[in-house]
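Notebook open, model loaded. I wanted a look at one chain by itself, then at how it meets its partner.

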Number of protein chains: 4
Amino acid sequence: MIIVLKPGTDEKTVKEILDHIAECGLKPLHMPGEERVVLGALGDERILGKLHLENHPSVEEVKPVLAPYKMVSREVHPEDSVINLGGVPVGNGFFTVIAGPCAVESYDQMHETGRAVIAAGASALRGGAFKPRTSPYAFQGLGQAGLEILSQVSRELGVPTITEVVEVADIDAVETHSDAFQVGARNMQNFRLLMELGQRRKPVVLKRGMAATVEDLLMAAEYILSQGNKNVILCERGIRTFETSTRNTLDLNAIPFIKQRSHLPILVDPSHGTGLRELVTPMSLAAAAAGADGLLIEVHQNPAEALSDGRQSLYPEQFETLMNSLGPLVSILGRKLNTTAAA
Amino acid sequence: MIIVLKPGTDEKTVKEILDHIAECGLKPLHMPGEERVVLGALGDERILGKLHLENHPSVEEVKPVLAPYKMVSREVHPEDSVINLGGVPVGNGFFTVIAGPCAVESYDQMHETGRAVIAAGASALRGGAFKPRTSPYAFQGLGQAGLEILSQVSRELGVPTITEVVEVADIDAVETHSDAFQVGARNMQNFRLLMELGQRRKPVVLKRGMAATVEDLLMAAEYILSQGNKNVILCERGIRTFETSTRNTLDLNAIPFIKQRSHLPILVDPSHGTGLRELVTPMSLAAAAAGADGLLIEVHQNPAEALSDGRQSLYPEQFETLMNSLGPLVSILGRKLNTTAAA
Amino acid sequence: MIIVLKPGTDEKTVKEILDHIAECGLKPLHMPGEERVVLGALGDERILGKLHLENHPSVEEVKPVLAPYKMVSREVHPEDSVINLGGVPVGNGFFTVIAGPCAVESYDQMHETGRAVIAAGASALRGGAFKPRTSPYAFQGLGQAGLEILSQVSRELGVPTITEVVEVADIDAVETHSDAFQVGARNMQNFRLLMELGQRRKPVVLKRGMAATVEDLLMAAEYILSQGNKNVILCERGIRTFETSTRNTLDLNAIPFIKQRSHLPILVDPSHGTGLRELVTPMSLAAAAAGADGLLIEVHQNPAEALSDGRQSLYPEQFETLMNSLGPLVSILGRKLNTTAAA
Amino acid sequence: MIIVLKPGTDEKTVKEILDHIAECGLKPLHMPGEERVVLGALGDERILGKLHLENHPSVEEVKPVLAPYKMVSREVHPEDSVINLGGVPVGNGFFTVIAGPCAVESYDQMHETGRAVIAAGASALRGGAFKPRTSPYAFQGLGQAGLEILSQVSRELGVPTITEVVEVADIDAVETHSDAFQVGARNMQNFRLLMELGQRRKPVVLKRGMAATVEDLLMAAEYILSQGNKNVILCERGIRTFETSTRNTLDLNAIPFIKQRSHLPILVDPSHGTGLRELVTPMSLAAAAAGADGLLIEVHQNPAEALSDGRQSLYPEQFETLMNSLGPLVSILGRKLNTTAAA
């Protein structure tokens with residue numbers, strides 16, 4: 001950690017801070033420059049967090065040298081992690097497509113859409129039972145009944161499912177009925193939810209928040225791993241920027257950036273990342289080419305009637321066309337497209 | 001609601017959509033232009049949400065005419081609301097300063113800081129017991145013990161308090177020990193929390209999320225009001241932008257903009273809005289001049305030792321100086337600075 | 001165009017505005033709703049710009065129905081444009097890679113890098129003679145001497161070149177020495193420069209500004225086309241967002257979005273779009289998969305010694321590896337990788 | 001400057017970089033930590049820019065200790081600068097209001113608006129002759145004729161004027177007819193324009209770009225000062241963020257932040273900063289309270305007929321009311337409101 005002092009800081013204060021650093025078991029360094037005095041602290045600087053040197057009135061700026069995350073970092077765990085999603089391997093060369101409707105609306109809708117996406121090559125199902133919606137007047141999901149439909153369809157089709165959990169009190173129900181917990185963008189920093197999911201063992205698909213930096217996302221994953229659950233799958237789904245022609249700005253830069261720093265697999269959700277059905281196919285291909293480990297895609301039998309996010313849902317035929325393009329692309333990129341045991 | 005159709009949409013589809021609109025009890029309008037066919041739907045267009053016209057493959061764009069919020073709107077409730085915060089009136093000409101440490105660290109710290117800020121003119125106390133922190137390795141708050149300290153200090157000093165609630169399961173405890181619920185920026189769209197707080201009657205101080213538009217903030221407030229709790233106080237605390245010299249970008253434009261559209265009072269938090277102690281005083285004055293109904297300010301007896309957010313906490317002497325400047329300013333702006341019953 | 005009036009607007013004002021619309025030769029429409037009066041104007045609404053209805057004190061909001069651009073739009077020109085870049089076709093199925101150093105530093109550097117990138121499969125050269133730099137103390141380019149080096153190397157290697165023009169007074173010199181004008185992100189809204197380039201016939205590679213929406217970019221292109229120069233090639237190079245781990249956020253969503261609305265070809269610059277050498281290769285592949293018509297890539301013989309942007313420049317060997325991956329990818333995407341006449 | 005090396009960097013490379021630093025006349029420092037080797041360079045690190053250490057393949061990150069600007073910095077020039085704007089002092093306790101229409105449309109319009117704003121207390125006039133407009137089909141200003149009108153009205157009313165310059169070729173004409181050069185947001189990084197203005201002596205009002213950080217703005221000012229023109233007045237006019245309810249997000253945090261780091265005066269433009277007439281008055285007061293040295297405000301005799309930006313222009317009566325509120329506010333803030341010699 002590098003500590004830049006304000007101009008005019010006196011010797012006594014400098015010594016005080018250096019002593020503080022030494023007391024923490026780190027090696028203090030004194031670098032008196034012409035315009036600024038700079039101090040250093042060598043060692044595991046995360047310990048220094050406790051010193052709160054940034055609060056000190058003589059400190060102009062604190063510049064960490066190391067990333068604030070540990071367990072999610074490739075330095076601690078150099079090989080790619082492979083997460084077992086109800087029998088489907090995610091990460092390390094496997095490319096996984098998870099598809100289904102934004103929200104579970106009925107058994108028929110879920111079963112029909114599920115059958116179509118699995119037939120087209122998806123290896124897991126998605127479908128929301130608890131829907132966080134911006135308006136209190138919008139459809140909020142079927143809740144428990146939705147979970148049960150999802151679980152039944154999953155068994156009938158022989159594929160794993162993921163579904164969103166929005167609240168600590170729902171964790172048990174979601175764990176019973178789903179093969180993975182999805183944490184939505186709005187809950188990425190719901191730390192109580194993350195800590196509780198850290199106590200479980202089913203995989204957590206953690207979506208990046210709309211205002212979250214890559215570092216924030218990795219720190220949110222660190223919450224889960226630090227509690228004991230190592231089965232975390234990251235998901236890029238677009239960030240909020242000034243551009244309004246698309247619902248979000250899909251930040252594909254984050255894919256190769258995270259791949260270099262973390263061993264966790266990362267999916268891309270081009271449905272939320274664009275908000276426009278017409279953009280989902282090209283951005284799915286782009287995500288694969290950028291190095292993503294898979295996709296999370298919204299498909300609906302009849303988007304015009306969808307109770308939520310119909311504007312960004314693919315028709316089953318469009319999804320089939322996408323899967324047909326994806327196969328050869330993933331293959332020349334040197335990865336393996338997962339298919340269901342059934343297929 | 002205005003519905004722009006894609007070029008080349010056929011007559012049959014146009015008729016279908018117009019019929020849908022009429023079935024909802026709204027008046028349909030047909031406006032065939034040279035380059036686009038435009039449809040209209042007159043009436044309470046919020047009903048139209050159920051039609052999901054934006055999902056229709058022939059619809060290019062849907063442009064709402066009315067704001068999506070109702071109960072928080074000035075059109076429904078033209079006069080300013082005044083919220084009773086444990087005896088202190090907030091809104092409609094009263095200017096309220098709520099101050100205290102970011103986190104409750106100990107009885108001594110809370111009592112000492114509390115006494116200082118009340119002496120300087122604050123009319124309510126703040127202090128966090130449950131702290132959402134970006135890093136799992138950072139101080140997470142004292143929890144239940146923190147609530148009890150806050151409540152004890154509140155009684156001893158004879159002033160109301162507010163504290164953050166981060167989880168549905170904690171609502172009862174916070175309700176018992178505090179005069180208001182604070183919903184932090186990261187939970188502004190934790191809709192389950194909002195709906196549950198809508199069932200209570202103590203005021204909710206709702207902070208704007210880092211990526212939330214003004215409309216998102218008003219919709220989040222609508223969640224609470226729609227459940228029955230009309231005691232909502234908004235709070236602007238900065239949004240995330242590309243500017244990194246300050247922790248957030250304090251969006252004071254939002255103050256007069258919201259004042260025109262909503263009857264709810266709105267506070268400003270210049271501590272989080274800047275992240276820098278040196279900027280808190282000028283931005284507090286600016287917030288008052290922009291029309292805010294009060295301030296939420298972090299003060300710590302010894303910021304250099306604060307367990308969280310010390311970099312943005314005022315020293316008690318700085319807070320006193322701020323209050324001395326604020327008095328005459330609020331007065332020439334035609335508003336009344338609240339003082340404690342005690343003072 | 002849809003005009004939403006403020007609540008309480010009187011009949012007389014409504015009639016006045018409707019008359020204004022009719023006087024412009026458009027068909028006025030009156031839609032009195034329950035909460036708002038809405039007016040419409042059917043016809044070429046761009047004429048309405050002259051009415052400035054948004055300024056009217058009784059107007060709450062003006063919602064255009066049509067895009068503000070015309071000549072760049074696919075509605076006016078449905079087929080993809082192909083731009084002739086010094087003999088190399090850009091757009092409509094051709095995939096073009098333009099590579100070279102950020103700045104021309106010397107004949108040797110330019111010739112050596114040029115030879116390497118052409119050998120690896122680039123079909124045109126880039127190299128800056130006039131460098132806009134954030135700091136007045138940084139290297140500003142070789143100017144006229146740089147143009148001459150670029151032109152000589154271009155002739156020797158038998159490939160076309162592009163180079164940046166930053167000022168109206170330099171247009172003639174750049175036109176003499178280069179096969180295309182590059183307009184940098186900082187000049188995307190330098191309208192005088194755009195209008196003057198609209199008088200010329202050599203192609204203009206127009207880079208998106210850091211704060212420019214897709215619509216702003218298309219309007220900037222419209223400036224050039226409206227003056228008579230139809231040879232415009234767009235370029236996505238990243239926008240400024242809150243994410244700081246990369247230099248910019250490369251907005252690949254913009255590629256398929258623009259492809260649907262405009263006939264102009266669009267390149268991607270992954271060097272500026274990421275700012276990090278390690279991300280250039282995966283994001284180049286992603287750009288191709290998203291539908292881009294080509295790439296603009298910085299390559300330097302010795303990035304460690306580059307006078308500008310070395311951190312994002314590829315080594316020649318890395319560029320060669322990229323080109324080897326790009327070939328088969330572009331091919332399965334159904335496009336044709338341009339190669340030099342020489343190769 | 002602090003240089004963090006990548007893990008596994010060998011001794012030889014470390015020595016090489018340390019030698020480079022020493023060759024530049026700076027003191028090299030070696031700090032071998034457990035997880036990273038960190039190097040330091042003490043002295044005027046701006047010299048180090050020439051080393052381009054960030055390009056080195058073994059360098060993970062370069063962290064500057066000093067700000068990249070010098071001449072605009074308060075460290076070099078501790079007292080507030082006062083700029084002479086055609087006889088009106090700007091900065092150091094003087095509060096200056098510059099008002100007028102967005103664009104000069106005719107002699108009558110300019111004279112009438114000018115008389116009104118001067119009568120209300122403005123001390124200088126604004127009015128654009130060259131208008132950068134997003135659409136090529138919008139009004140582009142009267143050009144030379146506009147300059148002459150502005151200059152004539154200025155003489156008749158006995159007050160100074162400022163007007164925008166968009167192109168090097170226009171500098172002479174603007175210098176002849178105006179008391180100051182205004183550089184618009186879109187030209188803040190038109191470095192050729194900045195360098196040429198650095199050769200002149202009339203003041204430059206430099207507006208912050210929509211995507212410019214505070215540091216970018218100060219670096220743009222450094223361009224002008226480094227060429228010899230010390231008469232620079234900064235201007236905050238809003239940045240582009242995800243918030244769309246206002247045209248821009250006025251970043252008032254920038255005012256006290258810049259005041260601490262730079263001696264240059266800074267104005268606020270609440271007209272562009274909000275885009276909404278109704279917000280101009282509260283945000284003008286907020287700007288004064290935040291510490292701005294003055295305001296740049298759009299006023300039009302008849303905003304409904306304005307050829308540009310009418311939506312954000314005040315009516316003369318609104319401007320008068322604003323000036324009446326501003327006087328006492330500026331006074332209790334301890335500053336002095338400039339008035340014209342005439343008044």
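Below are my entries, chain A to begin with and the interface after that.

Entry, the model. I'm working from a predicted model here.

Entry, chain A. I looked up the secondary structure and got ten helices and 15 strands. The C-alpha trace spans about 75 × 45 × 40 Å along its principal axes. Of the 343 residues in chain A, 64% come out as buried. I also checked contacts with a separation of 6 or more: 66% of them join residues 24 or more positions apart. The accessible surface is about 10,900 Å², and carbon and sulfur atoms hold 50% of that.

Entry, the interface. How many residues does each chain put in contact with the other? I got 46 from chain A and 47 from chain B. The two chains bury about 4,000 Å² between them, with 49% of it on carbon and sulfur atoms. I then asked which three residues of chain A supply the most buried area against chain B, and found A:N55, A:Y137 and A:R192, at 16% of chain A's share.

Entry, polar links. The rule gives four salt bridges across the interface of chain A and chain B. I looked at A:R192 again: this residue pairs with B:D170 in a salt bridge, closest N and O atoms 2.7 Å apart. I also noted 24 residue pairs in polar contact across the interface, both partners at pLDDT 80 or more.

Entry, what chain A presents. Two elements give two or more residues to the side touching chain B, α5 (191-197) and α6 (214-226). The largest share, five residues, is from α6(A). Sorting that side by class, I got 21 nonpolar, twelve polar and 13 charged residues.

Notes
Residues are numbered from 1 along each chain as its sequence is written. Chains are lettered from A and ligands numbered from 1 in the order in which they are written. This is a predicted model: local features need pLDDT of at least 70, side-chain atom pairs count only at pLDDT 80 or more; totals for chains, interfaces and linings use all residues. Side-chain values use heavy atoms; hydrogens and water are left out. Contact means heavy atoms within 4.5 Å. Buried area is the accessible area (1.4 Å probe) that two parts lose on being put together, summed over both. A salt bridge is a side-chain nitrogen of Lys or Arg within 4 Å of a carboxyl oxygen of Asp or Glu. A polar contact is a pair of N or O atoms within 3.5 Å; within protein, one must be able to donate a hydrogen and the other to accept it, and residues adjacent in sequence count only if both atoms are side-chain atoms. Helices (H or I, at least four residues) and strands (E, at least two) are DSSP runs, numbered from the N terminus. Ala, Val, Leu, Ile, Met, Phe, Trp, Tyr, Cys and Pro count as nonpolar, Asp, Glu, Lys and Arg as charged, and the others, Gly among them, as polar. Buried means under 20% relative accessible area, exposed over 50%, partly exposed in between (1.4 Å probe, protein chains only). Accessible areas come from the Shrake-Rupley method with a 1.4 Å probe; for residues, only the protein chains shown count as cover.
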